[in-house]
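Reader: I am in my first year and still learning how to read a protein model. Could you take me slowly through one small part of this structure, and then show me how the rest can be read in the same careful way?

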Amino acid sequence: MDTDFIVIGGGIAGVSVGARLAPLGRVTLLETEKALGYHASGRSAALFDECLGAPPIVALNRAGHSYHQTADGGVLSPRGLMVVGRAEDGAAFEADRRHMDLRALTPDEAQEIVPILDPARVAFAGITDRAWDIDTDRLLQGFARQIRSQGGRIETGRQVTAIVRVETGWQVTAGGETVEGRILINAAGAWVDDVARMAGLAPLGFTPMRRSMAQLPAPAGQDPRRWPMILGAGERWYCKPEAGKLLVSPADEDPMAPHDAFADDMVLAEGLARYEEMVTAPVTRVETSWAGLRTFAPDRLLVIGFDPRDPAFFWHAGQGGVGMQTSPAASELAADILGGRASELRRMLEASFSPARFC
Ligand SMILES: Cc1cc2nc3c(=O)[nH]c(=O)nc-3n(C[C@H](O)[C@H](O)[C@H](O)COP(=O)(O)OP(=O)(O)OC[C@H]3O[C@@H](n4cnc5c(N)ncnc54)[C@H](O)[C@@H]3O)c2cc1C
């Protein structure tokens with residue numbers, strides 16, 4: 001046996017779970033691309049919004065907060081999150097206000113914080129401090145260092161093309177070499193169902209959904225660095241300051257087959273129009289744009305656990321739009337299950353994320 005744990009996928013899901021497993025046995029992580037974090041994990045908005053998601057996801061957010069604050073000197077910096085709505089967005093705004101526990105602002109107060117907001121268009125506004133920027137590269141590289149420093153192997157440029165079940169575990173062929181391991185961890189992002197099929201298991205029905213992003217120059221005469229992230233009520237669009245520029249997303253969710261995603265011009269234009277409707281600064285130029293796939297299980301909760309149909313096949317999948325912020329606690333939960341350790345996380349969350357709900 002070459003290794004104990006074969007992890008497929010070098011995004012945040014695979015790298016974080018590999019880091020947690022490294023003290024428990026030999027880890028070999030296989031990634032198609034030449035660099036870690038090339039797909040969804042390198043394309044995120046890099047926000048940690050503690051209240052985002054259904055209750056089990058919020059529990060993961062909270063459980064991982066102290067890791068984000070302390071690991072490698074901390075990867076969080078204050079951002080804040082403001083929600084704004086038009087007169088017709090009353091119900092959507094109220095739902096966001098309750099869910100995120102927003103402090104209400106008048107349109108003029110909102111404009112004092114973000115001067116480009118148009119008080120004639122903003123009918124509702126609220127803000128929370130419980131949102132931070134994540135240094136996602138530092139987060140990912142920190143987990144990767146933990147794998148390597150504990151003797152684990154990270155093999156990039158190695159696409160898994162064949163998976164064979166043997167009595168002792170798995171034989172996995174990647175980049176012309178075969179690796180033998182006891183347990184297979186499927187952390188292949190948008191490709192998780194393809195990996196399951198390769199291993200002879202029926203897929204669980206994940207849907208990759210495209211989300212696009214446009215980078216705009218700072219509006220004339222403005223310095224957006226201290227602005228909060230701004231969300232159109234009901235997640236119709238969002239805008240986030242990034243290195244003195246603005247990122248604007250149409251908050252699109254278009255189902256796609258797994259691929260190297262790119263932004264659709266029409267989707268971007270429609271999203272930019274929704275953003276422009278609420279601000280006094282017109283969009284003059286899109287400097288660059290990109291898209292990534294956020295992959296969801298049918299119930300939009302993560303899938304973490306052994307497949308009930310094969311005790312050596314483990315899912316770490318369905319991170320959707322929260323894979324960065326949930327990574328510390330989700331990977332800890334995975335390692336607790338894989339290592340057979342009792343823990344508070346398992347007691348609270350194992351059943352909610354179990355793949356058994358789809359098998
Ligand atoms: C625009 C956008 C904004 C987002 N904003 C946020 C945010 O603010 N906060 C947040 O927490 N999350 C956010 N997310 C979500 C977050 O980025 C994802 O949940 C997370 O990156 C998923 O990580 P992953 O490792 O599962 O997938 P990926 O990063 O896609 O990694 C999967 C990897 O598996 C590899 N792979 C697939 N098949 C094989 C194979 N056969 N052999 C070897 N390797 C294989 C792929 O090459 C890929 O690198 C956002 C996502 C997008 C797209």
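Author: The side chain of Asp307 makes a polar contact with the side chain of Trp315, at 2.8 Å, and a further polar contact, of 2.7 Å, joins the side chain of Asp307 to that of Arg309. Asp307 itself belongs to strand 19, which covers residues 303-307, and with a relative accessible area of 2% Asp307 is buried. Please keep in mind while reading that this is a predicted model, and that every distance discussed here is computed from it.

Another aspartate can be read in the same way. Asp4 sits in strand 1, made of residues 3-8, and Asp4 is buried too, with a relative accessible area of 14%. Here the partner is a backbone atom, since the side chain of Asp4 reaches the backbone nitrogen of Arg26 at 2.7 Å.

Let us turn from these contacts to the ligand and its surroundings. Which residues are closest to the ligand? The shell around the ligand holds 37 residues, and the closest are Glu31, Ser41, Val160, Gly320 and Gln325. By kind, the residues of this shell divide into 16 nonpolar, 15 polar and 6 charged. One of the closest residues, Gly320, places a backbone N or O atom 2.8 Å from an oxygen atom of the ligand. A polar backbone atom of Ala13 is 3.0 Å from an oxygen atom of the ligand, and for Ile12 the corresponding distance, again from a polar backbone atom to a ligand oxygen, is 3.2 Å. How much of the ligand does the protein bury? Taken alone, the ligand exposes 1,000 Å², and the protein buries 96% of that area.

The shell can also be described by the elements that build it. Those that give two or more residues are helix 1 (12-21), strand 13 (207-216), strand 18 (288-296) and helix 8 (323-338), and helix 8 gives the most, with 3 residues. Helix 1 deserves a second look, for it is mostly covered, with 10 of its 10 residues buried. Among these buried residues are Ile12 and Ala13, together with Arg20 and Leu21.

With that picture in mind, we can consider the charged pairs. For the whole model the count comes to 35 salt bridges, and a few of them show how such pairs can be placed. Glu50 forms a salt bridge with Arg130, the closest N and O atoms being 3.6 Å apart. Why does this pair tie together parts that are 80 residues apart in sequence? The reason is that Glu50 lies in the loop between strand 3 (47-49) and helix 2 (55-70), whereas Arg130 lies in the loop between strand 7 (124-128) and strand 8 (131-134). The two partners can also be described by their cover: Glu50 is buried, with a relative accessible area of 10%, while Arg130, at 29%, counts as partly exposed.

A second pair is formed by Glu242 and Lys240, whose side chains meet in a salt bridge at 4.0 Å, N to O. Is Lys240 buried or exposed? With a relative accessible area of 1%, Lys240 is buried, whereas Glu242 counts as partly exposed at 36% relative accessibility.

A third pair lies within one helix. Arg347 forms a salt bridge with Glu344, and the closest N and O atoms are 2.6 Å apart. Because these residues stand 3 residues apart in helix 9 (residues 344-353), Arg347 and Glu344 are separated by about one helical turn. Arg347 is exposed, with a relative accessible area of 61%, and Glu344 counts as partly exposed, at 46% relative accessibility.

Salt bridges can also be joined into a group, and here Arg86, Glu88, Asp89, Arg121 and Glu277 are linked in a network of them.

Finally, the record can be set beside what the atoms show. The unreviewed UniProt entry carries the annotation "domain: FAD dependent oxidoreductase" for residues 4-336. In the model, the end C-alpha atoms of that span lie 15 Å apart, and the span is 27% helix and 32% strand.

How values were computed
Residues numbered from 1 in each chain as written. Predicted model: local features only at pLDDT ≥ 70, side-chain atom pairs only at ≥ 80, totals over all residues. Heavy atoms only, no water. UniProt positions renumbered as here; feature names shortened; annotations may be inferred. Helix = DSSP H or I, 4+ residues; strand = E, 2+ residues; numbered from the N terminus. Buried < 20%, exposed > 50% of the residue type's maximum accessible area, 1.4 Å probe, protein only. Near = heavy atom within 4 Å. Polar contact = N/O pair within 3.5 Å; in protein donor to acceptor, adjacent residues only side chain to side chain. Areas by Shrake-Rupley, 256 points an atom, 1.4 Å probe, with all protein chains shown as cover. Nonpolar A, V, L, I, M, F, W, Y, C, P; charged D, E, K, R; others polar.
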